[in-house]
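Colleague: Before I use this model at the bench, I would like to go through the words attached to it and ask what stands behind each of them.

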Amino acid sequence: MFKVTIDGVQTEVEPGTSILQAARKIGGHHVPPAMCYYSKLKGSGGKCRVCLVRVAAGSEKDPRPMPKLVASCVTPVQDGMVVENLLSQEVLEARRGVVEFLLLNHPLDCPICDQAGECHLQDLGFEHGREGTRYQEGRRTFKPIDIGPYIKLHMTRCILCYRCTMVADQLTPNRVHGIMWRGEVSEISTYIENSIDNEFSGNMIDVCPVGALTDNTFRFKSRVWFTKPFDAHRECPTCSGKVVLWNHGNEIYRVTGRKDTYGELEEFICNTCRFEKKEMGDWVIEGPRTINRHSVIGQNHYDAPYQGLLKPGNKRSLMAAKTEEVQN
Amino acid sequence: MQLTNRSKKVDTHALQGMEKTYLPGILKGMAITFKHMFKKVPTIRYPEVKKPFSSVWRGVHILKRDENGAERCTACGLCALACPAEAITMEAAERKPNEVGLYREEKYAAKYEINMLRCIFCGLCEEACPKEAIFLSNSIASANYDRGTFIYGKDKLVEPVTPPSEHVNVFEEGYRKQWMKLKK
């Protein structure tokens, strides 16, 4: 086991773990953000440079600091490594720069975009970005296109993280889309406008950190924060069937997979669950989904009884416990 | 406890002589009434005469159009989110290729309703709007006997397509100048 210190917090991890994974093991504020890295997709990471950290001491044997900031998602830890993330001004400065670069070609159309409210780039820009843009040239624009009947691709918003192509590569047998061209002009495209109709292709919507790939069945239907998320499941022959329903009253507006703290899907779900099961009768509701209270989705969303009711000796806490018992 | 010097002792002495005829009291009262006939009237005859509003007055909402006459609102829902009275509801729709002149953005509000009975005219929607689409104008929501008429839809809220020089709302002086420039 290797000992690593991240922002002064020590932990022990297996050899071969990346710095980012080690930081996630500690958790909390000091986990570097990640736009392209996805722990469930092989080969992801190293592209967006948002997770840059400073290695203050390389290892116990060679405690010299690494000369440049490193991408924490692809750099494996070494024994006795000392990493600085939020404690280093250099890292914060670099991250601010990276966010500015990511936003060069990203349109400021959050009011239109369906991803707004659960967009990683929005969060990142809010935390690390500057208030205005210094970019004067025109942004590149594309027309939104349908790839398959259910997925809308709006290349204008793409930050080229390659996650969706990895989904196509690793989850579906026949890959029909990828990145065309190179450098600044590169874009996601399908093989001569081929539609994507693999059973797991819908996961690229959840995997997309921005609003480049969005659900066509949910397009402009509601803002994310006006829908109420519920954990639900169903018997599905192809996938686990564990999903989050985004409801408006009794109407299911959208079905997505369950995302963890870092915005990664816990389990990939199939297209049937995602796009075709939109009746309440199709699902077994488990209860309201826990949403970070700092998230805009948490507005008017109550996932637990008020904490004060749960104090011991409180009559209503007994009642709550009893209802829970009955439910279980 | 005495707070001011303006308190007057109630005079309860028994009426004497002329006072018993009540005439001095009546004349005194009538003199006061007569004096008021020459005083300035503090009220106005409202529907015909209107008082000027303060420049920061928050009246009925207006959904603005841009310089080309396209609706600015993109149905982002931030006004509804900011609204403490939950008075605003909307439904979005996607703009069709032949509607480019009608709506500024790819998405627009197909339905936009403000419940004027719920609205507290706080102006938070105006502050939340990222597209400078909603403003609180300087007119009042008109009174009515029917509660249903207080739910203002797009027909009442969207700014009419007229040159801004004819607008009742003159709070956007710069906007008007810009229009005049465009006209030239």
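What follows is a conversation about those words and the definitions behind them.

Modeller: This is a predicted model, in which local features need pLDDT of at least 70 and side-chain atom pairs count only at pLDDT 80 or more, while totals for chains, interfaces and linings use all residues. Residues are numbered from 1 along each chain as its sequence is written, and chains are lettered from A in the order in which they are written.

Colleague: Why is A:G183 called exposed?

Modeller: A residue is exposed if 12 or fewer other C-beta atoms, placed from the backbone, lie within 10 Å of its own, buried if 20 or more do, and partly exposed in between. A:G183 has 6 other C-beta atoms within 10 Å, and therefore it is exposed. A:G183 lies in the loop between strand 8 and strand 9 of chain A.

Colleague: What makes strand 8 and strand 9 of chain A a pair?

Modeller: Strands are DSSP runs of E with at least two residues, helices are runs of H or I with at least four, and both are numbered from the N terminus. Two strands pair if DSSP finds at least two bridges between them. Four bridges join strand 8 of chain A to strand 9 of chain A, and the two run antiparallel, so the definition of pairing is met. One of the bridge partners is A:S189 in strand 9, which is matched with A:G178. The two strands form a hairpin with six residues between them, and A:W181 in the turn has a positive phi of about 60°.

Colleague: Which residues of helix 4 of chain A are buried, and what covers them?

Modeller: In helix 4 (residues 163-171) of chain A, the buried residues are A:R163, A:C164, A:T165, A:M166, A:V167 and A:A168. Their cover, counted by contact (C-beta atoms, placed from the backbone, within 7 Å), includes strand 8 and strand 9, as well as helix 5 (203-207) and strand 10 (213-215) of chain A.

Colleague: Why do strand 2 and strand 5 of chain B stand at the edges of their sheet?

Modeller: The open sheet has three strands in the order 2-3-5, with antiparallel pairing. Strand 2 (88-94) and strand 5 (151-152) of chain B each have a single partner strand, so one side of each is left without a neighbour in the sheet. Strand 2 pairs with strand 3 (residues 107-115) of chain B over seven bridges, and B:A93 has B:Y108 as its bridge partner in strand 3.

How values were computed:
Two residues are in contact if their C-beta atoms, placed from the backbone, lie within 7 Å.
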